[in-house]
Amino acid sequence: MMTRQEALDLFRDPDLTGIGMAADQVRRRLHPEGVVTYIIDRNINYTNFCTEYCTFCAFYRPVGHQEGYILSIEAILDKIQETVDLGGTGVLMQGGLHPDLPLEWYEEMLRAIKRRFPKIHLHCFSAPEVANIAEVSRLTLRDAISRLRDAGLDSIPGGGAEILDDDVRRRISRLKCSTAEWVAVHRTAHELGMRTTATMMFACGETIEQRLNHFDVIRQIQEDTGGFTAFIPWTFQPENTSLGRTVKEEATASDYLKTLAISRLYLENIPNVQSSWVTQGLKTCQIGLRFGANDVGSIMIEENVVSAAGARHHATEEELRRIIRNAGFVPKQRDTLYRAFFLN
C-alpha cells in the first residue's frame with residue numbers, strides 16, 4: 001500500500017497527468033472489464049430542520065423556522081413511486097438532525113416504504129443522523145442501527161464525514177459528531193452485516209495533511225472490516241454558506257482531479273471510487289474516469305442539499321452514458337451495492 005509520505009509527495013507533485021495515469025493503472029487492475037457504472041436513484045430529504053448549524057450548509061433551517069418541513073410518509077411514498085416509474089432502484093434518504101423525532105418515527109417510515117416497495121434499496125441516514133436518532137431515543141448505536149436495519153434500512157451513506165479530522169470539524173461543524181463518532185457508526189454497521197459508503201468533502205480550508213488524516217481513517221476501517229463499497233470525494237460548494245465567506249480559494253478542477261487520483265492510489269482496499277458531476281460538471285467528471293474513478297454516481301432525480309450551496313449541474317441518464325462511452329468505457333447501470341446488472 002502507498003505510504004502516507006508517498007501520498008504527501010504526490011499532493012506536492014505538479015505532474016497531474018502522471019498522477020492520473022498511475023491512478024488509472026489501479027482502476028484498470030481492479031476493474032479490467034472496461035465498465036463504468038451509474039445508478040438511477042433519488043435523494044429524498046425528509047426534513048430540513050437541524051440543530052447543528054454547520055457553516056458549509058445552506059440547506060438546514062432552525063427548528064420552528066417557517067421554511068422548515070418534515071415530509072409526510074405519504075409524500076415520501078409518492079416520491080419513491082415516481083423514482084420506480086423512472087427506472088430507479090434505490091433511494092438515498094437524509095435529513096437534518098431533528099431533536100424530537102424518535103426512532104419509532106423512522107421505523108414506521110422504513111416499514112411503510114418496504115411494504116409498498118419491497119425491492120427498493122434504502123440507503124439512508126448519515127452517521128450524524130444515526131447518532132442523533134440513538135441519542136434522542138436513548139439507545140446505544142448498536143441497538144439503534146439494529147432496529148433501523150430490521151425495519152428495512154439496507155445500507156448507510158457516508159455523509160457527514162466532511163474531513164475526518166477534529167480540528168477541521170471544530171472549525172466548520174462544531175456541533176456535529178466527532179471523527180470517533182462517525183467511525184463508530186460505520187464500524188458498528190459493518191459489524192451488523194451492513195455495507196456503507198465513505199465520503200469526503202474537501203477544499204473547505206483544510207491542509208493536505210488533514211486530507212491524508214481522512215484517508216488514513218477510511219483506509220484503516222476498510223482494512224479491519226471490508227464494509228465500504230465505495231469512496232466518494234467532492235468539493236465544498238461555497239455559495240449561500242457562512243463558511244464560503246471565509247474560505248479564500250475555491251477548488252479548481254486540477255485540485256479535484258489530483259485528490260481523486262490520490263484517493264484511488266491510497267485507498268486500494270476500497271473497490272469503487274466515484275467521480276462527481278454534481279459538483280464538478282460533466283466534463284471534469286468524465287476526465288475523472290481516467291484519474292482512477294470507475295463510477296459516475298446517480299442521475300439524481302432529486303437533490304436539495306448540494307444544490308442549496310450553489311451546485312447547479314444536471315445530468316440525464318443519456319448524458320451520463322454518453323460521457324462514459326466517449327471516455328472509452330462501457331456504461332452499465334448498477335444498484336446501490338455496486339452490482340452492475342444492466343449492460344447498455
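Helix axes are lines fitted to C-alpha atoms, taken over the stretch in contact, and angles between them run from 0 to 180 degrees between N-to-C directions. With that in mind, the tour may begin; the model on view is predicted.

**The whole chain**

Display the protein chain in full. It holds 14 helices and 11 strands. Of its 344 residues, 59% count as buried. Among contacts with a separation of 6 or more, 77% join residues 24 or more positions apart. Next, colour the chain by pLDDT: the average is 89, and 88% of the residues score at least 70.

**First stop: H1 and H9**

Select residues 4-12, which form helix H1, and residues 208-225, which form helix H9. The axes of these two helices lie 11 Å apart, and the helices pack at an angle of about 135°. H1 and H9 are therefore oblique to each other, and their crossing is right-handed.

Now show the side chains where the two helices meet. On the H1 side, select Arg-4, Ala-7, Leu-8, Phe-11 and Arg-12. Facing them in H9 are Ile-208, Glu-209, Arg-211, Leu-212, Asn-213, Phe-215 and Asp-216. By class, this contact comprises six nonpolar, one polar and five charged residues.

**Second stop: Ser-263**

Keep Phe-215 of H9 on display, and add Ser-263, which sits in helix H10 (residues 253-266). Is Ser-263 buried or exposed? Its relative accessibility is 0%, so Ser-263 counts as buried. Which residues does Ser-263 contact, leaving aside its neighbours within four places in sequence? They are Phe-215, Phe-231, Pro-233 and Val-273. Phe-215 thus appears at both stops: in the contact of H9 with H1 and beside Ser-263 as a contact.

**Third stop: H4 and H6**

Select helix H4 (residues 103-116) together with helix H6 (residues 141-151). Their axes are 8 Å apart, at an angle of about 25°. As angles under 35 degrees count as roughly parallel, H4 and H6 are therefore roughly parallel to each other.

The residues to show in H4 are Leu-103, Glu-104, Tyr-106, Glu-107, Leu-110, Arg-111 and Lys-114. Their partners in H6 are Ala-144, Arg-147, Leu-148 and Ala-151. This contact divides into six nonpolar, no polar and five charged residues.

**Last stop: residues 305-311**

Finally, select residues 305-311, where pLDDT stays under 50. For this stretch, the model has 19 contacts beyond four places in sequence.

Technical notes. Residues are numbered from 1 along each chain as its sequence is written. This is a predicted model: local features need pLDDT of at least 70, side-chain atom pairs count only at pLDDT 80 or more; totals for chains, interfaces and linings use all residues. Side-chain values use heavy atoms; hydrogens and water are left out. Helices (H or I, at least four residues) and strands (E, at least two) are DSSP runs, numbered from the N terminus. Angles under 35 degrees count as roughly parallel, over 145 as roughly antiparallel, 65 to 115 as roughly perpendicular and the rest as oblique. A crossing is left-handed if the near helix is turned anticlockwise from the far one by less than a right angle, and right-handed if clockwise. Contact means heavy atoms within 4.5 Å. Ala, Val, Leu, Ile, Met, Phe, Trp, Tyr, Cys and Pro count as nonpolar, Asp, Glu, Lys and Arg as charged, and the others, Gly among them, as polar. pLDDT is the predictor's confidence in each residue, from 0 to 100. Buried means under 20% relative accessible area, exposed over 50%, partly exposed in between (1.4 Å probe, protein chains only).
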